[in-house]
Amino acid sequence: MPRIRLVGVAKSYPGPSPVHALRGIDLTIEQGELIAIEGPSGAGKSTLLNMLALLDLPTSGKILVGLDDPSAMRPRALAKLRSCTFGFIFQGFHLLDAHTVIENVTLAFRYRALPRARQLELAAAALEQVGLADRAEELARNLSGGQRQRVAIARAIAGGAPVLVADEPTGNLDSENSAAIIDLLTSIARTGRTVVIVTHSADVAAATDRRIVVRDGRIASDARVAGAPALAAEDEPTEVLSLASDGGEPSAHAAAARQEGHDSRLSLPDLLRDAWGTLASRPGKYAALVLVIALGVGLAVTTFGLTEAARAQVAQTFDATRNIQVDAALGDPRTSISEYAARSEQLAGVDLAGAVHITRSPAISAESGEAPAGTPLAAVTPDYLESVGATVRWQGQKREIADGEVLVGGSLAAELGLPPLFSGPRVRVNGTEAQVVGIIEESALAPELLRSVVGGASFPVADSPLLPPPVTAVPPEMAVHVRAVPGAAQQIAQQLPLALQPEDPSSVHVQAPPDPQTQRGSIEATVRASLLALSAVSILVAVISLMNSMSVSVLERSRELGLRRALGAQRSHLRRLVMVEAMLLGAAGGVCGLFLGLLAVLSVSISRGWVPIFDPVLAPIAVAAGIVVAALAGAVAAWRASRIQPVEALRL
Ligand code: ADP
């Protein structure tokens with residue numbers, strides 16, 4: 001049973017004008033004393049309590065706990081001595097509200113290597129002693145103020161600490177509950193424990209055996225109360241005398257508990273239980289943090305999901321437009337365009353095939369004007385215009401070009417100043433009149449048609465007299481245009497020369513679309529890169545906002561974390577606690593983010609008419625991403641938590 005001695009203890013708080021909170025305190029506290037420390041506000045009472053309970057070290061002077069000198073100890077050994085020797089009781093109770101009563105009491109053993117069953121057994125015994133055995137499974141938040149303080153006292157005595165220090169233990173209680181707490185503390189003192197109470201209350205002080213009054217950092221008076229149980233010679237209250245335990249059941253428990261496990265270790269289940277308890281204690285606040293992670297992860301999942309869907313979409317669009325067109329120029333035509341179109345159509349994978357024979361005409365005119373020399377003149381097979389995707393505005397119900405009829409390209413019509421179709425405009429080609437039955441309005445794949453006069457397959461383009469150079473530099477040419485079914489273009493391009501010109505395939509010049517893989521690849525890479533950048537930004541935002549919230553939350557919990565330190569937690573224990581809390585939040589955020597992301601991908605895909613694509617590997621990645629994001633953000637908060645000192649527990 002330790003005697004506590006303070007010899008010339010002084011404590012100053014540095015600053016622009018340093019505060020000398022304690023100035024040379026000499027004090028001896030014997031085991032079993034029931035002591036009140038009184039004095040006006042700012043006198044140094046709490047500072048004195050911090051010193052004698054080893055929550056803080058003095059600026060000068062010496063403290064001895066039994067034979068131990070804390071100033072010479074390493075932090076780990078100091079934490080062990082503190083948690084073995086002292087139990088703490090605070091004005092604000094410092095309970096974990098979302099935990100059960102018994103769970104709060106077992107916090108006393110949290111940082112000792114004690115089996116769970118033993119923790120529960122000792123906690124139950126302590127609850128019995130404070131008269132709350134029947135409330136063990138109640139949530140702490142459901143208890144009255146007086147009951148909460150009794151739970152805190154049970155926690156303080158459960159670990160078998162021989163010295164209880166209490167800072168204004170009745171400060172938050174009404175007189176009836178105060179009286180009950182004073183009785184309880186008195187009865188605990190009578191079992192051989194030392195009880196030191198800092199108080200403003202005359203009633204509390206009157207119930208103690210020794211009243212120490214502190215003023216301006218000095219002991220102003222130190223008197224034993226008349227009628228108090230004998231401890232030492234009446235006139236020498238600070239003399240040493242060991243008060244034997246009365247040998248009752250609680251003391252026997254206390255002695256046993258004190259002997260057990262002071263290794264300052266934290267088991268994984270205890271760590272998880274504590275972390276979960278923290279999160280459950282403020283569901284609204286932590287749900288908001290989960291939401292922050294969920295939004296970051298959700299955006300990333302959306303991005304990846306949409307990248308996949310968009311890539312598929314790009315590929316599809318790509319196939320649908322450019323990747324199905326095959327052109328073949330016939331260098332040395334041997335037959336008619338109708339025959340060439342028919343030969344092309346026989347190939348597998350051909351959706352539509354048309355052929356064109358195009359020359360330059362020296363003389364095209366209409367009533368209203370004349371076309372420039374060299375204007376293209378084309379004969380086309382019936383499917384040609386559709387195969388090149390040309391849009392024609394036909395006159396009336398007409399849909400094909402009969403003999404003696406032509407179409408005129410939109411640009412040429414404007415150049416000629418052709419009157420509207422219903423007025424039956426005519427053009428004169430090489431001296432022969434033809435009826436204009438339609439205007440070619442668009443022709444993306446064969447833009448020269450917009451400047452041309454286009455006739456049917458039998459249109460006598462070859463009859464055009466040759467023009468002098470340079471117009472004839474473009475020779476009359478025949479070409480085939482094939483629209484393939486998606487994926488067949490490459491194969492058709494290979495077979496087309498032989499099909500068109502079996503006797504001289506090399507005279508056919510095929511223009512197939514570029515290799516689809518490379519083109520697609522480069523488009524997809526661009527899409528992916530920009531979406532990845534978006535995800536990175538969203539994750540960064542989540543990390544930063546989470547980092548901020550978690551750090552603030554650690555500061556808000558400094559008393560609780562300080563209490564854990566006072567109960568024997570190492571810095572690393574607090575770091576681990578905050579990290580595990582963060583990672584639990586991260587896992588929850590990851591799962592929520594996954595669902596948010598899936599929902600977003602689904603709704604965007606459906607609204608755009610895309611096929612929603614979801615890679616199952618995203619599921620574990622999303623959860624892992626949530627955990628990593630939270631761990632990154634939590635690292636700063638964990639570091640801050642590890643800096644919290646035990647003395648924080650006493651700050652109000
Ligand atoms: P009491 O408990 O009697 O009200 P305290 O021990 O809390 O007094 O404080 C004694 C003096 O030390 C006061 O002037 C207080 O402002 C000062 N003090 C206490 N703690 C700190 C601190 N951490 N930093 C600076 N000054 C402090």
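1. In which sense do strand 6 and strand 7 pair, and over how many bridges? In this predicted model, strand 6 (residues 163–167) and strand 7 (residues 194–198) pair in the parallel sense, over 5 bridges. Within this pairing, Val163 has Thr194 of strand 7 as its bridge partner.

2. The chain as a whole may be introduced next. The protein chain has 652 residues, of which 49% count as buried. Its secondary structure comprises 18 helices and 20 strands. Among contacts with a separation of 6 or more, 78% are between residues 24 or more positions apart.

3. Strands 6 and 7 belong to an open sheet of 6 strands, whose order is 5-6-7-3-8-9 and whose pairing is mixed. The edges of this sheet are strand 5 (86–90) and strand 9 (218–224), each of which pairs on one side only. From one strand to the next, the twist averages 15°. Helix 5 (residues 145–158) lies across strand 5 and strand 6, and its direction is at about 170° to strand 5.

4. A second open sheet has 3 strands in the order 2-1-4, with antiparallel pairing. Here the edge positions are taken by strand 2 (19–29) and strand 4 (60–65), each pairing on one side only. The twist in this sheet averages 20° from one strand to the next. Strand 1 (residues 4–13) runs antiparallel to strand 4 and is joined to it by 5 bridges. One pair of bridge partners is Ala10 and Ser60, the latter in strand 4.

5. Strand 13 (residues 375–380) deserves separate attention. All of its residues, 6 of the 6, are buried, so the strand is largely enclosed by the rest of the structure. In a regular strand, side chains alternate between the two faces of the sheet. For strand 13 both faces are covered: Thr375, Leu377 and Ala379 are buried on one side, and Pro376, Ala378 and Val380 are buried on the other.

6. What are the pairing partners of strand 13, and how do they run? Strand 11 (residues 350–361) runs antiparallel to strand 13 and is joined to it by 6 bridges. In that pairing, Arg360 stands opposite Pro376. Strand 18 (residues 453–455) runs parallel to strand 13, with 3 bridges between them. There, Ala378 stands opposite Val454 of strand 18.

7. The packing of two helices is described by the angle between their axes and the distance between the axes. For helix 9 (residues 268–281) and helix 17 (residues 571–608), the angle is about 65° and the axes are 9 Å apart. The crossing of helix 9 past helix 17 is right-handed. Helix 9 contributes Leu271, Leu272, Asp274, Ala275, Trp276, Thr278 and Leu279 to the contact, while helix 17 contributes Arg576, Leu577, Val580, Glu581, Leu584 and Leu585. By character, the residues of this contact divide into 9 nonpolar, 1 polar and 3 charged.

8. A final point concerns cysteines. The structure holds 0 disulfides. Is Cys84 buried or exposed? Cys84 counts as buried because its relative accessible area is 17%, below the cut-off of 20%. Cys592, by comparison, is partly exposed, with a relative accessible area of 36%.

Notes: Residues are numbered from 1 along each chain as its sequence is written. This is a predicted model: local features need pLDDT of at least 70, side-chain atom pairs count only at pLDDT 80 or more; totals for chains, interfaces and linings use all residues. Side-chain values use heavy atoms; hydrogens and water are left out. Axes are lines fitted to C-alpha atoms, for helices over the stretch in contact, and angles run from 0 to 180 degrees between N-to-C directions. Helices (H or I, at least four residues) and strands (E, at least two) are DSSP runs, numbered from the N terminus. A crossing is left-handed if the near helix is turned anticlockwise from the far one by less than a right angle, and right-handed if clockwise. Contact means heavy atoms within 4.5 Å. Ala, Val, Leu, Ile, Met, Phe, Trp, Tyr, Cys and Pro count as nonpolar, Asp, Glu, Lys and Arg as charged, and the others, Gly among them, as polar. A disulfide is a pair of cysteine sulfur atoms within 2.5 Å. Buried means under 20% relative accessible area, exposed over 50%, partly exposed in between (1.4 Å probe, protein chains only). Two strands pair if DSSP finds at least two bridges between them.
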